[in-house]
Every structure is written in structure tokens, then in C-alpha cells.
Amino acid sequence: MDKKTLIAKIKELATGGDTSGNSIEQVFARCYNAVEKTLGITPFDEQLSAALSLCDGMMVQMQTGEGKTLSAVFAACSEAANGGAVHILTFNDYLAKRDYEWMKPVYDEMGVSVGYVTEKSDTAERKDAYKRQVVYLTAKEAGFDYLRDFVCFDPEKMVFPEQLNLAIVDEADSILIDEARIPLVIAGDLAAEDSSSTAQVYAKLSDFILDEHFEIDEESRNVYLTDEGADLAEDVFGCDIYSEEGAPLLAKVCACLKARAVLKEDKDYIVKDEHITLIDEFTGRAAIGRVFPGELQPAVEAKHGLKITSRGRIMGNIALQYFARLYPKIAGMTGTAELAREEFDALYGLPTDIIPTRLPCARTDHPLEMYFDREEKHAAIISAIEEAAEAQRPVLVGTESIEESEELAAILRTKGIECSVLNAKNDTEEAAIISRAGEKGAVTISTNMAGRGVDIKLGGEDCREKEFVTDAGGLLVLATSMRESSRITRQLRGRAGRQGDIGESRFFASLDDGIMTKYELHKLAGRHYPTEKVSGAIDDKSLLKEAERIQRISEGDAFDERSNLMKYTMIGEKHREQTFRRRKALLDGSYNAEMWQTHAPELYEEAAAKFDKDALQKKQNLILASLLNEFWCDYLDYTAYLREGIHLTQVAGRNPAEEYNIACEEYYDSAADSIPERMAEKLEALLDCSSLDEYKVAVPTKTYTYLLDDMAEEFKTKPLLLNVFDEEEPQPKPRKTEEPAEKPEKKKGFFASLFGKK
Ligand code: ADP
Ligand code: MG
């Protein structure tokens, strides 16, 4: 049945047909009636059409304000009616709660249970929410729950569902593309083992001079030793810091230099009550309880002469894009899918479906306006705002950064123009401001994405002054610079002209925008590039064409980077998934370890005679689970070292991604050798105890979760692993790929050999 016929059928069923079954048209018809009854609105055909595509697992493009929230309800009910659980992944916590509250009456009428989770939800609330058929929450919260279960030792306290099913991702390009690489991290607060040595290392580095002995990579904020620096380090510490044994020292050295030269007090962290408190880069607020990863925390403590308290260890992480992939079924919706169609298809296997707007779009989108420099550009933007303010026409300005927002706001204030500034600090506050951005005379300045998902109604939330605002030309949107992707510009433009409203958008750029200098517009534009200052907009068609081409180059680069990264990260995803699954099985008792029975039979006999057998088995499972956590920490450290160094293999003419994958497999496999041994050691220690309870399993005293704004961040403290190969004299180590006969067998069997069965 084609979609049109199906929609007609649904509406026909809704007006008196048999809607008792669970076929898609019957559930939709029931839902249609439930919406009319509870919300007092009639779903549009476009919404049904979008919902049908969601059911087909597609990426649905539907413009802002067309009613995607409701479309998702139809798809969710259809899945739920057929026994499948649904997570609706929202853009932020505010929207999770809003959409849940807004749509709950429909679900109630449908007899579908629904819940929501936000950052504020406690363990009991989360556990309860995940039992519902439909859950509204952010990918971030869901991902953190997934990670938290991995460091939890009490199955009763685990909250995340064992089996995931369908995720409907709202504002999908944000999670699946723009933020796809952001890792969610869980770290444990492990007691520092060597409190004095970091302070000593820090003190010994006083002769190291920036740019002579070490360099800072501006982009990753990472610190590297120069050759001179490496020589000096060898003198100072009297050992080869590039040997395998020297690696921990090198890590400390780099961390100390970074703490000294890169991290700034009151910007990256504050010192209060003899403690280091981090500042969250996203919100600018103090992040209580969070510590810097790895050696960096003790290094910063050493910098301020504090007592060295702890070493933050990353215990688990997952990038948002992989988290989304944990769901066997995904569907998505966004106002801007078309521009990322290829990527949705290539990386997620999601075909894109474009739903036309219900009413024709009455927004005027002006082409790119180019200015000579930032000053000229800001002057033009300010004058556009002044003009709108004069006419009391609402303006929404989309800036590149919080600083730019503040800068513009300061200028406006000197001119006596009141404005609201949004800066991604508080979802709820932001939603309130953005919902008023269409009011008569409103001037709203916001960074890119702030307030996404919240409707901007002309004439205010109650549309009281809609007529006035419409006469003034509707909402005016100003984008202040060219972004890395045209999707972001499109998102901004889409803020105006909702549901057939009148509106206008202008898009400013200047020759000194970051993206223009990065991609060398002056080279691309050649003689069209102005050599002397021009005032006002530059009206050179060729220059504008090249500038727009830059955006496409940048989009292509970002896409390549994301697909390239996948070549490196897929393997870790596989290993993590296996490790998580096995660990959970050990803890909930669905799998019993037989490591002692197999690898230390005599000791085991002794223990079995001394302790209760069931309790002993439980203890064995618990100990193995904790060793898996420990192993996973080491694995993350190791792969991080590896990733920093692996690009060097390119020099030797090898494929770095392939090398990386082989090295990860080897390391993962090595657990099969080391874990039985360590288990036997633990059993010996256990035998020394008079009771099972006396033996304490090492678990982190506290854990905390955070987001990193860049994959590179987590590796900032990691030194290069230089024993991947010798740069001057490549000595290819025997590679498994050269022995294809042996490789496949060995690769499969890690957990099989570790657990005695697959
Ligand atoms: P989107 O997520 O696509 O930007 P929303 O789901 O936030 O859009 O809905 C935008 C607005 O449209 C909301 O104010 C909502 O109440 C309204 N709306 C949605 N569907 C309908 C409908 N069928 N009839 C009337 N109003 C609707
Ligand atoms: Mg929405």
C-alpha cells in the first residue's frame, strides 16, 4: 500500500472502523483518535506520513515547527503495541520532560506506559522509567546509565535495560553527526599509589622551556617533548623515557608540563579548600566531584603544592554515535536531514525521507553577505538589528560562540537596545527565552544550538501580537558567520517562517572568519580576493562562490574524519560490548566463572573445603568482574597510547588503521593469559582470610560521569608510544596479517578461552 492510500485508510478507520488490532493502520487510527480526544488537535497528513517513515526506520526530514513531537508518538505506539520498547532520544533534558508531559495523555489513552529520565532522576526513578514501554530521555543520560551499570557491582542497582530495541532520535543530525564523536566517559576515583613521585617529577621539570624542550599542540592542547626535551629528560631522570618501562614516567612528565603550561587556574579549574575543582567547558560552572583524567590530576595538585589525593581513571567510555548504534533499530527526525543524507546512509544505514511542509514556506532567505573583516561584519549586523528594533520587529541572532554573543550584546546595550543572551547554560531558562523570541520588539542572541526544539511563535507564546509582528515582516534571523556545515546555517534559518509564517534570514561572513582562513580563501579566490579594506558588503560573485565552496570542502573533511575515526574505533566498540556483556552475566549470576576450577584446581579444592561452595562461586564471579573492570581500564589506557603513536606507522609504509586494529586484538587477547594468573593470586589471598567477607574486592570508592568535547581530549595526557616501531630503522614486527591461516582462529577465541566457552 502506498503512503497516501495508507493515510487515507488510517483516517477512514479512525472515523468508525475496526481499530482493535495491532496492524500499523489500526494502531495509527487509535492513536489519531486518542490525540483528538486528549490534546484537542487533529494530526496532519504530513505528521502521519512522517510517522510511517519512522516506523520504516528512516531519517525523516520535517521542518522546524511542523510537529515532529507528535509524529514520534504514532511510531512509538505502533512499536509498543507490538511488544517493542522505545527510547525517544531528545535534544536536551528540558525537552525530554516537556515531550513526556505533553504527550503523556495520548499514551495513557492508548494504554501504553511512558516515562522519562533527566539528569536529576535518581536510581529508583531511572529503574522505574526503563520499565516503561516508551521512555523520553537524552542520548547522554541513556549512555551514562549504560556506562554506570558497567562499574556497578550490585545487579539490584543496575538500571539500564539488558536488551535495547528501537531508538527514535529527535534533532537527529545533532546527535548522530555534530555531536557524534563526543565521548561519554565514566571515571573512577582510585586512590593514588605514589603520592610523592608526581610532586618530585613536577619539581624536576623546572628547567624545561616551552618551545625549546616541549611544544603545545594548539588544537588538542596536548604537550609533546622535543628532541632536546627528550635528551634533557633522560639526563634529569637517568632513564630512557621512550622505552616501554619509561612510558609511565613519560606520561607523568607530559602531564606535569601540561598542568604547568596549558591548564589555567580559574579557567580550567579553581583551587578551593586545598582541592582542585574542574570547570565544565560547556557550562562554565564548577564541576564538583570531577577530576582530570589519569596523571593530570596529581600533576595539577603538584603544581599547587597540594596533597596528592587521587588519580582519576577512565573506566569506560562510549561516543554518542556508538551508543546510538547499540539500538538494533534506529529512526530519526530533524529539520535538516537532506544535507547529511549521504552520511546518515553511510554511517548508520538510514535512508532519508523528506516530508514537504504543510503550508508553503513564506520565508525569504538572503544569500551570503561577505564583509572585509569582523569589524565591518559586526557593524552590518548591528545596523540590521537596529533597523529591526526600530520597527519593533523580533530578531534572532545566531552567533558562533558565547564570546561573540556577549560582544554583540555589549554593543547593543551602548545603543540602548535591550537583548536576551542565551549561552547553553540552562535548558529550561533557555527554552523560556527562546519561546518569547517572536514577541514584538524582542532581540535574542544565541549560540548555534541553544534553544533547539522550542517553538518560536510570532507575536509571543500566546500569539497576542501576531498581526503586528507579521506586518513588520515576521521573525528576522541573522547568522553571524559561516559555519563548518551548511546544515547549521540551515537550522538557524529554519527558526523563522514556521508553519507558513512570514520571515526572513540573513547570513553574514567575513574574510577573517575562521573557516575562511583555515581553507585559505585568498588562494581559492585568487585575484578576486580584495587586497585593501573594503567597507560594506563585498559584491564579487566569484569570491562569494569560492566562499560557499569552502563550506562544502569543510563538510567533506568532517565527514571523512568521522568515517576515518570509525576505522579506529569499531574494534574497541566490539571489545567493550563483549566485556560489558560478560561482566553483567557474572554479576547477575547468569554465568558462573570456572577460572579457579580450571586454572588453580588444588587451591580451589582447598577453598571449597574451607568456605561455603555457593558463596565461593559468587565471590569468584565478583572478583572476575572486578578484574574485567581493571583490564578494561588498562585496555583504554593502552589503546589511547596506541592511537597517539600509530600514525607513525604510516612512515614505515603500513596502514595505521590496520596496525591499530591488530594491536588492539593482540592486547585484548592477552587478557586470556593474564587474567587466570591474577585470579589464582586472588584465590591465594582469599585462602589467607578466615571468612569470605573478610576478603574485600577492590571497587572504586566513587564514580563520576562527564562528556568530553573532543575525542582527542581524553588522550591529552598520553605520551606517544614509540615502541610501535623504530622511526629511523623500521623493524617490522611479525604481523598477524601475514599469517592468514592462524589469524581468524585466534581472533575469535578470547572470551571463549577466558570463560571456557563462547
Ligand atoms: P517540531 O518538533 O517539528 O519543531 P513541535 O512538535 O515542537 O515541532 O510542534 C510545533 C507546534 O505545532 C507545537 O506548538 C504544537 O502544538 C503544534 N502542533 C503540532 N501538531 C499539530 C496539529 N496537528 N495541529 C495543531 N497544532 C499542532
Ligand atoms: Mg522538535
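User: What makes the pairing of Gly65 with ligand 1 a polar contact?

Analyst: A backbone N or O atom of Gly65 lies 2.6 Å from an oxygen atom of ligand 1, and because a polar contact is a pair of N or O atoms within 3.5 Å, this pair qualifies. The model is predicted, so local features need pLDDT of at least 70 and side-chain atom pairs count only at pLDDT 80 or more, whereas totals for chains, interfaces and linings use all residues, and side-chain values use heavy atoms without hydrogens or water. Residues are numbered from 1 along each chain as its sequence is written, with chains lettered from A and ligands numbered from 1 in written order.

User: How do you know that Thr69 and Glu66 also make polar contacts with ligand 1?

Analyst: A polar side-chain atom of Thr69 lies 2.4 Å from an oxygen atom of ligand 1, and a polar backbone atom of Glu66 is 3.4 Å from an oxygen atom of the ligand, so both pairs meet that limit. Around ligand 1 there are 17 residues (each with a heavy atom within 4 Å of it), and Thr42, Gln47, Gly65, Lys68 and Thr69 come nearest.

User: Why are α1 and α2 called oblique?

Analyst: The axes of α1 (residues 3–14) and α2 (residues 24–39) come within 8 Å and cross at roughly 55°. Angles under 35 degrees count as roughly parallel, over 145 as roughly antiparallel and 65 to 115 as roughly perpendicular, the rest being oblique, and the two helices are therefore oblique to each other. Their crossing is right-handed. In contact there (heavy atoms within 4.5 Å) are, among others, Leu6, Ile10 and Leu13 of α1 with Phe28, Ala29 and Tyr32 of α2, and the residues of this contact divide into 7 nonpolar, 2 polar and 3 charged.

User: What lies in the loop between α1 and α2, and which residues does it contact?

Analyst: Gly21 is found in that loop, and apart from its neighbours within four places in sequence, Gly21 is in contact with Gln26, Val27 and Arg30. The C-alpha atoms of Gly21 and Ala81, which are 60 residues apart along the chain, are separated by 9.2 Å.

User: What makes the relation of α22 to α26 either parallel or perpendicular?

Analyst: Helix α22 (residues 541–587) and helix α26 (residues 656–687) pack at an angle of about 20°, with their axes 8 Å apart, and that makes α22 roughly parallel to α26. Here too the crossing is right-handed. Residues making the contact include Tyr568, Ile571 and His575 of α22 and Tyr660, Cys664 and Tyr668 of α26.

Technical notes
Axes are lines fitted to C-alpha atoms, for helices over the stretch in contact, and angles run from 0 to 180 degrees between N-to-C directions. Helices (H or I, at least four residues) and strands (E, at least two) are DSSP runs, numbered from the N terminus. A crossing is left-handed if the near helix is turned anticlockwise from the far one by less than a right angle, and right-handed if clockwise. Ala, Val, Leu, Ile, Met, Phe, Trp, Tyr, Cys and Pro count as nonpolar, Asp, Glu, Lys and Arg as charged, and the others, Gly among them, as polar. A polar contact is a pair of N or O atoms within 3.5 Å; within protein, one must be able to donate a hydrogen and the other to accept it, and residues adjacent in sequence count only if both atoms are side-chain atoms.
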